[in-house]
Amino acid sequence: MNPLRLIAAIALSIAWLPAVALHVPKADDEAADTNSAREAYFEMRRINPYDSTFDAAKARLAAYSKFRADLAAEQGNKPLMQQLAALYHAEVWQPIGPAPILDGQTPTAATTTSRSAVSGRTNAIAIDGIDGVVYIGGAQGGVWSSNNHGYSWTPLTDYLGSLAVGSIAIAPGAHAPGQATIYLGTGEGNFSGDTYAGIGIYKSTNSGRTWQGPLGTAQFAGRSVSTIAVDSANPQVVLAGSTTGYAGIEGDIPPNAAVRGIYRSSDGGNTWTQVLPTPSGTLRVSRIVQDPSPSFQTAGATHYWAATTPSSGGGALWKSSDSGQTWTRVDGVATGLPGIGNTTFTRTWITATYAGSNTVLYYGTSDANGTLYKSLDDGATWAAVAAATGYCQGQCTYDMPVYVEPGSATNVYTGGAGTSGSLPSSFMLTTDGGTTFSDEMVGVDGNSALHADIHAITSWPGSPNEVWVGNDGGVFYSTDRGQHWVNANTNLSLTQFQICDLHPTDPNQAYGGTQDNGTDSFLGNIQTLPGATAWSHSDDGDGGFALIDQAYPSNVTHTYYNESNNIIGAALALNGPASQPADYRYFAGEIPGFQTSGMNAADNVLFYAPMALDRGNPTTLYFGTQSLYMANDYFNQTVTQENAAINYFTTGSGAPYTFTIFTKIGGAANFGAATPPLTASGVISAIETVRNVVPNTNATTIFVGTSNGNVWRSTNSGATFSSVDGTIGTYVSQIAVYPRNPQIVVQARAGFTGALPAQNVRISFDGGATWTTKSNGLPDIPVNTIAWDPVFPGQLWAGTDVGVYLSTDEGNTWYPYNNGMPNVAVFSLTANRDTHTVLACTHGRGAFRLNLDAIFIDGFDGN
């Protein structure tokens with residue numbers, strides 16, 4: 001193993017050299033040590049810094065409603081449509097994948113041959129055995145269906161009010177072909193740091209072709225509907241469980257939000273009544289399952305089990321014997337099952353089957369990194385399953401499903417984080433009721449493997465040996481209980497991007513960092529199925545900022561995650577976007593105890609730290625923490641120093657290895673200074689440079705934005721900085737200098753202000769000295785990214801949490817522009833004038849590209 005591969009932080013503990021060991025936290029870790037940092041990164045861009053009681057979920061729904069209303073108004077305004085068409089030729093966003101990511105991120109026991117294609121985080125799976133259709137739900141990718149056993153997929157909900165999926169339920173019983181009743185619970189309930197809350201429940205009575213809703217907005221908007229159960233004796237009775245959604249387990253809770261708990265509908269989802277807990281209490285609900293015993297399936301007397309996360313005082317397993325109308329506590333009452341969550345936060349999970357003459361239950365809790373209990377007698381008595389202890393490996397609040405095979409008291413699957421090749425693993429099977437478990441992450445032939453972080457497990461109706469799994473890598477199934485895996489990520493496009501970049505001359509190359517699926521590359525029209533464009537997996541771990549050297553595109557660099565006193569910096573490779581994981585031999589940054597490269601490992605830093613290559617001299621890299629650092633000749637310096645580091649450790653020298661790549665710039669500038677009247681400090685969140693008129697020379701003018709709303713400018717190559725815009729406290733997500741006129745600079749703001757104009761786009765016409773808000777037409781919504789149109793002068797693109805907006809007049813007015821784009825958050829926009837391309841990378845539906853027609857524009861402006 002390459003001695004510097006450890007710095008890729010690829011979700012395992014690996015060796016620096018045989019004599020020197022290092023534990024690097026998982027790059028995709030959702031456990032407490034990194035999840036709080038990820039959560040803070042996500043949340044600070046989606047708050048109103050002036051109002052701690054601001055209802056961000058309600059504001060997002062209002063923004064979506066405005067987006068759709070404005071689109072309808074555009075389509076009904078023929079003169080406007082003609083005007084806009086003349087300005088941008090009615091270009092359509094073209095999906096370019098990843099569908100899927102080839103040779104994706106797989107667990108530690110996987111080999112090159114077992115690396116499997118991946119798509120993105122999948123939270124829910126429901127299978128209609130009558131029609132032979134599988135339905136899956138993505139973290140922010142909506143619902144997809146397959147009628148050919150996962151060979152291909154069709155998106156069903158691209159234009160609903162929320163693409164964040166928490167649960168999918170199919171009404172049991174017979175139905176005519178293509179007429180299944182399906183319930184979709186919006187809002188992701190995994191308690192991760194980048195979840196979106198939902199807006200309620202949608203319902204389809206024709207197998208997902210059309211949808212009604214959202215239903216239950218008063219009960220579920222701003223929450224996540226993590227589980228839905230439809231009564232087999234009376235399908236008009238529906239139970240739904242809600243939990244915390246937006247920004248994860250500790251995220252913003254909207255003021256006056258509906259109480260989390262179990263709700264019941266007796267009219268097919270039209271109206272809802274809270275049934276657990278009482279109105280004064282609150283529970284986070286993970287699972288509701290109907291008791292499968294035929295004796296307990298009578299209208300009005302159906303039995304249910306519910307696994308919950310109590311806020312205080314315990315009460316984590318509940319039972320209803322009257323179709324969900326009333327509930328009694330089981331944990332701490334039933335023999336052998338202790339009280340759960342009495343003193344600590346504990347997430348739980350329940351699964352049930354009917355075997356012999358009894359209901360068999362398995363109940364998982366997050367205690368001790370995963371504790372499993374079982375009952376063989378309808379829940380009367382319980383026993384701990386010792387061999388399963390630790391099954392969800394410290395990430396139980398994020399991934400902890402348990403699934404008992406229908407009709408079997410002994411065949412049980414567990415899912416979690418962890419690794420593979422040892423126990424406990426991310427995916428295990430017991431065939432003896434929990435006496436022993438086996439690792440089923442990698443197929444016995446070594447040719448297929450699951451992605452880690454398991455969220456959903458189910459089986460094909462009538463074929464209990466066929467198990468389907470949803471995880472951070474997408475969808476997989478096995479027809480032999482995990483002995484061999486079939487990758488079903490054929491044309492699923494669920495990738496959650498962070499930041500992307502375009503190749504300087506080739507429109508068919510791009511590079512982007514993703515949540516838990518590494519840093520990946522678009523290398524042209526690689527099609528696994530007609531219309532499905534695959535990407536190449538470039539590097540493992542979490543991917544953040546991803547940059548291509550615009551002068552020497554064989555140089556690429558990206559961040560993993562960043563965390564104070566843990567890891568700060570970026571990896572690089574020299575084979576361009578086509579680089580593979582083994583090519584990332586070099587890391588520029590800080591790993592306390594092992595290497596230091598000129599930055600301060602104790603700096604406050606964003607989970608996805610910003611970095612930028614100089615516009616006029618792209619061999620220079622700027623990196624932001626609470627300070628601003630610069631690395632001249634970044635790629636060559638890093639290669640030279642890291643090769644020296646290899647020799648240093650090979651000769652047996654002790655850690656740490658010290659070298660200087662980065663130099664702190666900015667003089668005495670306090671980039672974290674508060675934005676009055678606010679008192680919160682900040683860190684650097686955005687970096688931009690003005691191209692120097694002297695070729696291959698570092699910028700004289702540098703801009704820095706911060707997470708608490710300040711914009712700073714240097715006019716002396718970073719020697720000193722002055723605050724030039726500190727009047728608004730929202731997160732500065734991006735700063736972009738107009739390539740045709742460097743006196744024009746625009747900034748995007750992520751957050752809410754509670755009023756219109758929303759202050760989410762600001763512009764300067766004097767080189768950044770003064771700023772004006774340019775938000776007319778934009779809703780009060782986070783603007784995550786902004787880019788100047790590469791072809792049409794004066795035009796701007798803005799990526800928001802509800803889609804893309806276009807301004808044709810330097811920001812004076814904005815119009816929604818989702819022609820071909822689903823209703824999804826856009827995290828990154830990148831434009832390239834040489835290729836006439838705009839790239840939009842979304843957080844849940846992959847990447848989209850505009851190919852702009854420049855025939856009438858190029859050559860007239862002289863730039």
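**Exercise 1. The lining of a cavity**

Task: Determine which helix supplies the largest share of the lining of the second largest cavity in this predicted model, and describe that lining by class.

Solution.
Step 1. The largest share of the lining comes from helix H1, residues 32-43, which contributes three residues.
Step 2. The full lining consists of Arg38, Tyr41, Phe42, Arg45, Asp194, Gln498, Tyr608, Phe827 and His843.
Step 3. Sorted by class, four of these residues are nonpolar, two are polar and three are charged.
Step 4. The volume of this second largest cavity is about 50 Å³. A search of the whole structure returns two cavities of 30 Å³ or more.

**Exercise 2. Aromatic pairs across the chain**

Task: State how many aromatic pairs are counted, and examine the geometry of the pair formed by Phe42 and Tyr196.

Solution.
Step 1. With ring centres required to lie within 6.5 Å, the count comes to 24 aromatic pairs.
Step 2. For Phe42 and Tyr196, the distance from centre to centre is 5.1 Å and the angle between the planes is 90°, an edge-to-face arrangement.
Step 3. Phe42 belongs to helix H1, whereas Tyr196 lies in the loop between strand S10 (182-186) and strand S11 (201-204); the pair therefore ties together parts that are 154 residues apart in sequence.
Step 4. Phe42 and Tyr196 are both buried.

Task: Classify the pair of Phe67 and Tyr805 as stacked, tilted or edge-to-face.

Solution.
Step 1. The ring centres of Phe67 and Tyr805 are 5.2 Å apart, and their planes stand at 80°.
Step 2. An angle over 60 degrees counts as edge-to-face, so the pair of Phe67 and Tyr805 is edge-to-face.
Step 3. Phe67 is in helix H2 (residues 56-76) and Tyr805 is in strand S59 (residues 803-807); this pair links distant parts of the chain, 738 residues apart.
Step 4. Both Phe67 and Tyr805 are buried.
Step 5. Aromatic residues also gather in a cluster, formed by Tyr41, Tyr561, Phe607 and Tyr608.

**Exercise 3. Strand S6 and its two partners**

Task: Establish how many residues of strand S6 are buried, which way its side chains point, and how S6 pairs with S5 and S7.

Solution.
Step 1. Strand S6 spans residues 133-138 and is mostly covered, with six of its six residues buried.
Step 2. In a regular strand, side chains alternate between the two faces of the sheet.
Step 3. In S6, Val133, Tyr135 and Gly137 point one way, while Val134, Ile136 and Gly138 point the other way.
Step 4. S6 pairs with strand S5 (residues 122-128) in the antiparallel sense, over six bridges. Here Thr122 of S5 is opposite Gly138 in S6.
Step 5. The hairpin of S5 and S6 has four residues between the strands, and in this hairpin Gly132 adopts a positive phi near 70°.
Step 6. S6 is also joined to strand S7 (residues 142-146) by five bridges, again in an antiparallel pairing. Val134 stands opposite Ser146 in S7.
Step 7. The hairpin of S6 and S7 has three residues between the strands.

**Exercise 4. Two open sheets**

Task: For the sheet with the order S13-S14-S15-S16, identify the strands at the edges.

Solution.
Step 1. The sheet is open, has four strands and is paired antiparallel.
Step 2. Strand S13 (224-230) and strand S16 (273-276) each have a single partner strand, so one side of each is left without a neighbour, and these two strands stand at the edges.
Step 3. From one strand to the next, the twist averages 30°.
Step 4. S13 and strand S14 (residues 238-243) are joined by six bridges, and Thr227 is opposite Gly241 in S14.

Task: Identify the edge strands of the sheet with the order S4-S38-S35-S34-S33.

Solution.
Step 1. This open sheet has five strands, and its pairing is mixed.
Step 2. Strand S4 (101-102) and S33 have a single partner strand each, so both stand at the edges with one side lacking a neighbour.
Step 3. Within the sheet, strand S35 (residues 519-522) and strand S38 (residues 535-539) pair in the antiparallel sense over three bridges. Thr519 is opposite Asp539 in S38.

**Exercise 5. Asn491**

Task: Decide whether Asn491 is buried or exposed, and locate this residue in the chain.

Solution.
Step 1. Asn491 lies in the loop between strand S32 (486-487) and strand S33 (497-502).
Step 2. The relative accessibility of Asn491 is 16%. The cut-off for buried is under 20%, so Asn491 counts as buried.
Step 3. Asn491 and Gln637 are separated by 146 residues in sequence and by 40 Å in space, C-alpha to C-alpha.

Note on methods
Residues numbered from 1 in each chain as written. Heavy atoms only, no water. Pairing = 2+ DSSP bridges. Axes fitted to C-alpha atoms, helices over the stretch in contact; angles between N-to-C directions. 1 Å grid on protein atoms, 1.4 Å probe; cavity = no way out; pocket = protein on both sides within 12 Å on 5 of 7 lines; lining within 4 Å. Points joined across faces, edges and corners; volume = space filled by probe spheres on them. Nonpolar A, V, L, I, M, F, W, Y, C, P; charged D, E, K, R; others polar. Phe/Tyr/Trp six-rings, centres within 6.5 Å; stacked < 30°, edge-to-face > 60°. Buried < 20%, exposed > 50% of the residue type's maximum accessible area, 1.4 Å probe, protein only.
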